[in-house]
Amino acid sequence: HSSEKTRYKINEFYRKQPFDAVINRDPATRSWSWKGHIDLEDGPYSEFSSRRSFTTGSEAEDHMRRFAHERIDNWLRATQPRSM
């Protein structure tokens with residue numbers, strides 16, 4: 001679709017942790033990819049990007065969200081005090 005965006009930004013929170021991403025379509029291959037970062041509260045700044053391409057922007061966006069949510073969940077699990 002000529003009216004379809006070829007690049008857009010996402011700014012969201014998951015478990016009170018902000019993350020941003022850019023979903024981008026390569027004009028030569030017409031495939032989609034993403035890159036972004038998580039600014040973890042009291043933690044590291046984490047950059048990430050897709051290692052594969054996607055057929056649609058929504059597929060890339062869904063994959064990016066799952067990746068960011070998993071990264072945040074893993075960081076929270078690693079930093080939470082252990083309950084006995």
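**Salt bridges and aromatic pairs**

Colleague: At 17% relative accessibility, does Glu61 count as buried or exposed?

Modeller: The relative accessibility of Glu61 is 17%. Buried means under 20% relative accessible area, exposed over 50%, partly exposed in between (1.4 Å probe, protein chains only). Glu61 therefore counts as buried.

Colleague: On what basis were these values obtained, and is the model predicted or not?

Modeller: Residues are numbered from 1 along each chain as its sequence is written, and side-chain values use heavy atoms, without hydrogens and water. Local features need pLDDT of at least 70 and side-chain atom pairs pLDDT 80 or more, while totals for chains, interfaces and linings use all residues, because the model is predicted.

Colleague: Which residue forms a salt bridge with Glu61?

Modeller: The closest N and O atoms of this salt bridge (side-chain nitrogen of Lys or Arg within 4 Å of a carboxyl oxygen of Asp or Glu) are 2.8 Å apart. Both residues belong to helix 1 (a DSSP run of H or I, at least four residues; strands are E, at least two; both numbered from the N terminus). They are four residues apart there, so about one helical turn separates them. The partner of Glu61 is Arg65.

Colleague: Which residue joins Glu61 and Arg65 in one network?

Modeller: Salt bridges that share partners build this network. Arg65 also forms a salt bridge to a glutamate, with the closest N and O atoms 2.5 Å apart. That glutamate lies in strand 1 (residues 7-14) and Arg65 in helix 1 (residues 57-79), so the pair ties together parts that are 53 residues apart in sequence. The third member is Glu12.

Colleague: What is the N to O distance in the salt bridge of Arg52 and Glu59?

Modeller: Arg52 is partly exposed, at 43% relative accessibility. Glu59 is also partly exposed, with a relative accessible area of 31%. A search of the whole structure finds four salt bridges, and in that of Arg52 and Glu59 the N to O distance is 3.6 Å.

Colleague: What is the angle between the planes of Trp34 and Phe48?

Modeller: The structure holds four aromatic pairs (ring centres of Phe, Tyr and Trp, its six-membered ring, within 6.5 Å; planes under 30 degrees apart are stacked, over 60 edge-to-face, the rest tilted). Trp34 and Phe48 form one that is edge-to-face, 5.5 Å centre to centre, with an angle of 65 degrees.

Colleague: Which residue completes the aromatic cluster of Trp34 and Phe48?

Modeller: Trp34 and Phe48 are both buried. Together they form one aromatic cluster with Phe67.
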